[in-house]
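The exercises below are meant to be worked with the sequence and the coordinates open side by side. Each task is followed by a solution that proceeds step by step.

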Amino acid sequence: MSPQKGRGGADHLKDEAAQAARRAADEVYAGILERAPEHDIDPTLDRVRAVCELLGDPQKAYRVVHVTGTNGKTSTARMIERLVREHGLRTGRFTSPHLTRVTERIAIDGEPISDERFVEVWQDVAPYVHMVDVQEQAADRPRLSFFEVFTVMAFAAFADAPVDVAVIEVGMGGRWDATNVADGDVAVITPVAYDHERWLGHTLVEIAGEKSGIIKDGATLILSQQQEDAEGVILHAAAERGARVVREGVDIDVVERQVAVGGQLLTLRGTGGTYTEIFLPLHGEHQAHNALAALAATEALMAGGGALEGGIVEVAFADAESPGRLELVRSSPTVLVDAAHNPAGAEALVAAVEEAFHFQRVVGVVGVMADKDPENILAVLEPALDEIVVTRASSPRAMDVEDLAEIAVDVFGEDRVHVRERLDDAVTLAADLAEAEVERGAAVLVTGSVVLVAEARVYLGRG
């Protein structure tokens with residue numbers, strides 16, 4: 001056999017092995033999906049705590065940065081992880097939901113775990129999950145949910161790696177979130193706004209109270225700018241737990257920011273000093289504030305609140321990425337995707353588009369989940385969109401297209417609203433509409449749902 005053929009045979013075997021691993025991971029994922037979904041909340045930490053105890057409490061094997069808030073959690077978590085990793089430490093990152101593959105939720109050293117490792121971790125924890133499921137069902141209580149299982153898997157994967165630091169994003173809320181069995185050395189609370197009111201409460205005071213539940217005794221709290229009602233609740237919770245508080249606008253600040261090609265240049269005042277000319281390849285003022293929270297969290301974790309080495313900060317931020325957050329996925333026409341799924345997120349999106357881009361015409365492709373606030377999301381988007389194509393993601397939680405279209409007509413007027421049941425048809429129509437009146441400076445903006453953005457990325461070749 002010639003060397004050429006030998007390499008070809010090895011590549012073929014490698015491809016077959018990769019496909020088999022992918023199928024096995026998909027089967028595991030399908031099995032976990034049969035459990036209660038992540039938005040079906042049963043407020044207790046007992047199930048996750050019981051499994052973790054049987055596993056030897058893997059969540060205690062490394063230092064933890066715990067991140068909650070309404071918007072900006074994933075971007076902030078990704079930036080913290082990148083800063084910590086640049087210090088030469090092994091990192092774990094747990095975020096949700098995923099955009100393309102479920103393995104994205106559990107990342108080690110910045111990379112999603114492999115399909116093979118995903119299956120191995122499930123096999124490691126499955127017997128203990130089963131034991132607790134049996135106990136719970138015997139007591140007429142629900143078995144572990146989808147999100148609880150993934151949380152246990154992340155903790156176990158990080159301990160087995162082993163990592164030095166795990167950056168853990170809350171799934172929903174904080175107090176009763178499955179991730180809260182971990183004790184964060186540092187807690188980060190990004191801006192609190194209205195979202196998930198059915199589960200977290202209908203006032204900012206209630207929502208902030210749930211999110212402040214991640215603050216642990218003696219921890220350091222990094223607190224992004226908040227509305228007054230939310231801030232009061234969080235500060236009270238921090239005082240009760242003896243937490244050291246680092247507040248944006250008091251202890252830390254975004255001193256200066258300038259729009260730059262491909263992102264922005266920042267001057268950030270942390271607790272350890274001021275960091276100048278930091279390039280962040282992400283658009284929008286909100287991302288500058290996320291970067292500030294990430295910087296302060298890393299200062300607290302790595303330097304006890306002191307200064308970080310400037311070169312480390314520059315390299316880490318320059319390499320930051322947050323897929324699905326005002327991400328350019330195609331040109332001619334420009335197609336942007338953004339996972340804004342509540343009014344506060346939509347406001348940040350509109351401001352970022354207006355600041356970073358100078359489009360003559362923008363057509364939106366919008367789909368939202370049925371448990372969201374479509375009226376206010378669309379009202380925020382309306383001034384930024386010339387026309388809108390209403391569609392839906394494949395999720396059973398997605399709002400019916402005709403129902404969303406009815407609301408869109410009220411907001412935009414009938415002449416500016418189009419309806420397409422399928423996402424691919426919606427994107428095609430939006431591109432045609434965008435380019436129909438201007439040859440240059442036309443854009444399509446896909447937003448309204450993380451799931452919709454995830455599917456758009458796959459359709460447009462980014463998945």
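**Exercise 1.** Which residue is the bridge partner of arginine 63 in E5? Place this pair in its strands, and then describe how strand E5 is covered.

*Solution.* The model is a predicted one, and the solutions should be read with that in mind. The partner of arginine 63 in E5 is valine 165. This pair belongs to the pairing of strand E1 (residues 63-68) with E5, which is parallel and comprises five bridges. Strand E5 also pairs with strand E2 (residues 91-94), again in the parallel sense, through four bridges. Turning to accessibility, five of the five residues of E5 (residues 165-169) are buried. The burial concerns both faces, since Val165, Val167 and Glu169 point to one side and Ala166 and Ile168 to the other, and all are buried.

**Exercise 2.** Is arginine 93 buried or exposed, and which residue of E5 stands opposite arginine 93?

*Solution.* Begin with the location: arginine 93 is part of strand E2. Its relative accessibility is 4%, and because buried means under 20%, arginine 93 counts as buried. Across the pairing with E5, arginine 93 stands opposite valine 167. Finally, when neighbours within four places in sequence are left aside, the contacts of arginine 93 include Ala77, Arg78, Glu81, Arg105, Phe158 and Val167.

**Exercise 3.** What span should the 24 residues of helix H4 have at 1.5 Å a residue, and where in H4 does a kink lie?

*Solution.* The expected span of H4 (residues 115-138) is 34 Å, because the rise of 1.5 Å is multiplied by one less than the number of residues. The end C-alpha atoms are 33 Å apart, which agrees with that expectation. The agreement in length should be read together with a kink of about 40° at valine 125, shortly before proline 127. Valine 125 is itself among the buried residues of H4, which also include Phe118, Trp122 and Val129. Just after the helix, aspartate 140 adopts a positive phi of about 60°.

**Exercise 4.** What is the order of the strands in the open sheet of three strands, and which helices lie across E10 and E11?

*Solution.* The order is E9-E10-E11, and the pairing is antiparallel. Strand E9 (253-260) and strand E11 (274-280) are the edge strands, each pairing on one side only. Neighbouring strands of this sheet are turned against each other by 15° on average, direction ignored. Within the sheet, five bridges link strand E10 (residues 263-269) to E11 in the antiparallel sense, and glutamine 264 stands opposite leucine 280 in E11. Helix H9 (residues 285-303) lies across E9, E10 and E11, at about 45° to E10, whereas helix H10 (residues 310-318) lies across E10 and E11, at about 25° to E11.

**Exercise 5.** How many residues lie between E12 and E13 in their hairpin, and against which elements do the buried residues of H14 pack?

*Solution.* Three residues lie between E12 and E13, and serine 332 in the turn has a positive phi of about 55°. The antiparallel pairing of strand E12 (residues 327-330) with strand E13 (residues 334-338) rests on three bridges, and leucine 328 stands opposite leucine 336 in E13. For H14, the buried residues include Leu423, Val427, Leu429 and Leu433. The buried residues of H14 pack against strands E14, E15, E16 and E17 and against helix H15.

Key
Residues are numbered from 1 along each chain as its sequence is written. This is a predicted model: local features need pLDDT of at least 70, side-chain atom pairs count only at pLDDT 80 or more; totals for chains, interfaces and linings use all residues. Side-chain values use heavy atoms; hydrogens and water are left out. Buried means under 20% relative accessible area, exposed over 50%, partly exposed in between (1.4 Å probe, protein chains only). Helices (H or I, at least four residues) and strands (E, at least two) are DSSP runs, numbered from the N terminus. Two strands pair if DSSP finds at least two bridges between them. The bend at a residue is the angle between axes fitted to the seven residues ending there and the seven starting there. Axes are lines fitted to C-alpha atoms, for helices over the stretch in contact, and angles run from 0 to 180 degrees between N-to-C directions. Contact means heavy atoms within 4.5 Å.
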